[in-house]
Amino acid sequence: KGIEGPRHRLRTTSDGALIFFMAKDAKGTIQIFAVSPNGGNIRQITFNTFSIQGPLNVSPNDQFVSYIADNSVFITDIKTHTSERLTPRSTDADAPFGAVIWSNDGHSLAFNRRVLHEGKPFIQIFLLKQH
């Protein structure tokens, strides 16, 4: 069906063995998929019941993809396809948006969220520590 979903750039593992992209699954939900640059079958990585809302990134150790979905920050294990919600589900007004970025050591994730200050929304950077 082709690449579709939120605006995003393709991502790869550090060795270039997998290229990640978003597309709709059989149910019409936007998920993350991967394919080898050498060809072969396309593999579905995420199996969420809701669509991904923003760009994806690959962890420095090539174990996880990070993204925003269901108004929360998520990571999914690339091999086991196990997804973990890292932030509580937010309202649309204060939901995370954009890309979830890994620190170089893979122990932290940064993301944006709008925060009201004196009645005005400001974009702020939030940091999550990973173990």
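How much area does the chain expose, and what share of it do carbon and sulfur atoms supply? The chain exposes about 7700 Å², and carbon and sulfur atoms supply 53% of that area. The model shown in these views is predicted.

**View 1. The whole chain is built from 11 strands and 0 helices.** From the N terminus on, the order of elements is β-β-β-β-β-β-β-β-β-β-β. The radius of gyration is 15 Å, close to the 14 Å that the globule rule gives for 131 residues, so the chain is as compact as a globular protein of that length. Along the principal axes, the C-alpha atoms fill a box of roughly 55 × 35 × 25 Å. Buried residues account for 41% of the 131 residues. Of the contacts between residues at least 6 apart in sequence, 29% join residues at least 24 apart. The chain carries 14 positive and 11 negative charges, and the mean positions of these two sets are 5 Å apart.

**View 2. Arg 85 and Asp 70 form a salt bridge between their side chains.** The N to O distance in this pair is 2.7 Å. The pair links distant parts of the chain, with the two positions 15 residues apart in numbering. Arg 85 belongs to strand 8 (residues 83–85), while Asp 70 sits in the loop between strand 6 (64–69) and strand 7 (72–77). Arg 85 counts as partly exposed because its relative accessibility is 35%. Asp 70, with a relative accessible area of 18%, falls under the 20% cut-off and is therefore buried.

**View 3. Arg 89 also forms a salt bridge with Asp 70.** The closest N and O atoms of this pair are 2.8 Å apart. Here too the pair links distant parts of the chain, the residues being 19 apart. Arg 89 lies in the loop between strand 8 and strand 9 (96–102), and Asp 70 in the loop between strand 6 and strand 7. Arg 89 has a relative accessible area of 53%, so this residue is exposed. Salt bridges that share partners join Asp 70, Arg 85 and Arg 89 into one network. A search of the whole structure finds 2 salt bridges.

**View 4. Ser 108 is a residue of strand 10 (residues 108–117).** Is Ser 108 buried or exposed? Ser 108 is buried, because its relative accessible area is 10%. Leaving aside residues up to four places away in sequence, Ser 108 touches Ile 101, Trp 102 and Ser 103. With the same neighbours left out, the residues it touches also include Leu 127, Leu 128, Lys 129 and Gln 130.

**View 5. His 8 lies in the segment before strand 1 (11–12).** The relative accessible area of His 8 is 19%, so this residue is buried. Which residues does His 8 touch, not counting those up to four places away in sequence? They are Ile 3, Phe 21, Met 22 and Pro 55. His 8 and Asp 70 are 62 residues apart in sequence, and their C-alpha atoms are 17 Å apart in space.

Methods. Residues numbered from 1 in each chain as written. Predicted model: local features only at pLDDT ≥ 70, side-chain atom pairs only at ≥ 80, totals over all residues. Heavy atoms only, no water. Helix = DSSP H or I, 4+ residues; strand = E, 2+ residues; numbered from the N terminus. Rg over C-alpha atoms; globule rule 2.2 N^0.38 Å. Buried < 20%, exposed > 50% of the residue type's maximum accessible area, 1.4 Å probe, protein only. Contact = heavy atoms within 4.5 Å. Areas by Shrake-Rupley, 256 points an atom, 1.4 Å probe, with all protein chains shown as cover. Lys, Arg positive; Asp, Glu negative; His and termini not counted. Charge placed at Lys NZ, Arg CZ, Asp CG, Glu CD. Salt bridge = Lys/Arg side-chain N within 4 Å of Asp/Glu carboxyl O.
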